[in-house]
Amino acid sequence: MNNVPVQKMKVKRYTVLLSLAALCLVALWTVYQQFSSHPTYNWGYNDVKRHRKIATGHIPDVPGSEGFDWPVVRRKYLPNYFLMWDRPQKTASVLSYRDGNMVFLHHNKAGGSSIRKCLREIGKESGLNVSSSVFSYRYAAQEFHYWKHAPRTRKHVGLYGGYAFGVCDVLNDGRPCSYFTMIRDPYDRAISAYLYCSKNTSKDQLCTALKASEVSVVDWALHHGSFFFRQLLMNPAVCNGSYDDTEYLRNLDGFPHKFSRDIIPCWFHHKVLLQRMFTEEERDRFLQHVIDNLENYFAVIGLLEHFDLSLSMLQHVYHVPFRDKCSDAHYNTGKFRRVQQKVEAERLVASLKQQLLADPRVNETLRADLLLYEKAKSIFARQVEVYSHLTGRDS
């Protein structure tokens, strides 16, 4: 009987020792991830030449673009599924989209979380290998490297993330590859991000560098800028897991940027580098290049204000039940207990939008996304027209 307490004490000691060992392993792994497995780039104010070393490629056939070496050229992707029907010579077959790899470019605060959740839920039953890789704000460079050397899988793969654009160029499993995305009005997107980050207390990478609860919606819009434009100029070398809390990053746009000890997200690195590496004229040429290629980049462009119709077109192209399984599944629309709450929320959004529209600085900083959004709306209208013709349905 006396052995029972002794045995209990031994069990407690073993439990404590195992817990301490587990904590030590977690700490060592964190240090390894931070310093050993990921190369560190220390961006400096006077290091523009070194910055250019991480860039590869230029804009071909554009006079005066020889000095451009940010990787804006995308080479391996299927064109817009619906718009190819208007072309004399079709460049891709229907099966190329159905049986090829698909990549969802998640444009934050534009219904992307709903699409991602939907994709994960329906992937298995659709013969699609949906990867857990999300091309994160930390280590997109390592994720690009992984997929460049990943072996061919039995199933075609589905990838997603806000930093996923360009991965079709590195996939080498022999399958065709296509992108799709969902976007929204840039003003509405900025307001949605502002309200979300004002309430969000986690370390969401979207809410980094500036506290939304401490600034105006105008300052927030100026802080985020043309988010979608930078996604189309994705340079994975920037997203290498490095942390650099320097004045080079702090003193941008006149805002008192504050960083936690977490990794600075690569959207902010992109913003700083694009602004300081290139002139306004060079950035305008980048913008014109992506506008000219927008209808080629994506097999389908969806609009948040036509969420279910966008799902229908995705289902038609990929033969994956986006509409059947995920219709009316936009998870970020908000839930209101009373009608009055909804009315007050709508009034708040309308007031914030008036503030943005009244400030010419906001219009200038969102100019790239506004132009891309107008082009996307015209592309969407053409998609709907062809989709209605192919399916015999009224949009």
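**Exercise 1. Is Phe-298 buried or exposed, and what is its relative accessible area?**

Solution. This is a predicted model, and the values used here are computed from it. Step one is to take the relative accessible area of Phe-298, which is 0%. Step two is to compare this with the cut-off, since buried means under 20% relative accessible area. Phe-298 is therefore buried. Tyr-297 can be treated in the same manner: its relative accessible area is 1%, so Tyr-297 is buried.

**Exercise 2. Classify the ring pair formed by Tyr-297 and Phe-298, and find the cluster to which these rings belong.**

Solution. A pair of aromatic rings is described by the distance of the centres and the angle of the planes. For Tyr-297 and Phe-298 the centres are 6.4 Å apart and the planes stand at 90°, so the pair is edge-to-face. Turning to the cluster, ring pairs link Tyr-77, Phe-165, Tyr-179 and Phe-228 with Tyr-297 and Phe-298. The structure as a whole holds 18 aromatic pairs.

**Exercise 3. Describe the pair of Phe-82 and Tyr-387, and explain which parts of the chain this pair ties together.**

Solution. The geometry comes first: the rings of Phe-82 and Tyr-387 are 6.0 Å apart from centre to centre, with 90° between their planes, and the pair is edge-to-face. The next step is to place each residue, Phe-82 in the loop between α2 (48–52) and α3 (94–99) and Tyr-387 in helix α16 (residues 367–391), so that the pair ties together parts 305 residues apart in sequence. Both Phe-82 and Tyr-387 are buried.

**Exercise 4. Work out how helices α6 and α7 are arranged, and which residues bring them into contact.**

Solution. Helix α6 (residues 186–199) packs against helix α7 (residues 217–224) at an angle of about 110°, and their axes are 10 Å apart. Because angles from 65 to 115 degrees count as roughly perpendicular, the two helices, α6 and α7, are roughly perpendicular to each other. On the α6 side the contact involves Arg-189, Ala-190, Ile-191, Ala-193, Tyr-194 and Cys-197, which meet Val-217, Trp-220, Ala-221 and His-224 of α7. Sorted by class, the contact of α6 with α7 has 8 nonpolar, 1 polar and 1 charged residues. Arg-189 also lies over the face of Phe-227, at 4.4 Å from the ring centre.

The burial of α7 completes the picture, for 7 of its 8 residues are buried and the helix is mostly covered. Among these buried residues are Val-217, Trp-220 and His-224. After α7 comes Gly-225, with a positive phi near 65°.

**Exercise 5. Locate Ser-178, decide whether it is buried or exposed, and list its contacts beyond its neighbours within four places in sequence.**

Solution. Ser-178 is found in strand β4 (residues 177–183). Its relative accessibility is 0%, so Ser-178 counts as buried. Once the neighbours within four places in sequence are set aside, Ser-178 is in contact with Leu-78, Tyr-97, Asn-101, Met-102, Val-103, Cys-168, Ala-299 and Tyr-318.

**Exercise 6. Set these details against the whole protein: how many helices and strands are there, and what percentage of the residues is buried?**

Solution. The protein has 16 helices and 5 strands, and buried residues make up 50% of its 395 residues. The last step concerns contacts between residues at least 6 apart in sequence, of which 73% join residues at least 24 apart.

Note on methods. Residues are numbered from 1 along each chain as its sequence is written. This is a predicted model: local features need pLDDT of at least 70, side-chain atom pairs count only at pLDDT 80 or more; totals for chains, interfaces and linings use all residues. Side-chain values use heavy atoms; hydrogens and water are left out. Axes are lines fitted to C-alpha atoms, for helices over the stretch in contact, and angles run from 0 to 180 degrees between N-to-C directions. Angles under 35 degrees count as roughly parallel, over 145 as roughly antiparallel, 65 to 115 as roughly perpendicular and the rest as oblique. Contact means heavy atoms within 4.5 Å. Ala, Val, Leu, Ile, Met, Phe, Trp, Tyr, Cys and Pro count as nonpolar, Asp, Glu, Lys and Arg as charged, and the others, Gly among them, as polar. Rings of Phe, Tyr and Trp (its six-membered ring) pair if their centres lie within 6.5 Å; planes under 30 degrees apart count as stacked, over 60 as edge-to-face and the rest as tilted. Buried means under 20% relative accessible area, exposed over 50%, partly exposed in between (1.4 Å probe, protein chains only). A charge sits over a ring if NZ of Lys or CZ of Arg is within 6 Å of the ring centre and within 35 degrees of the ring normal.
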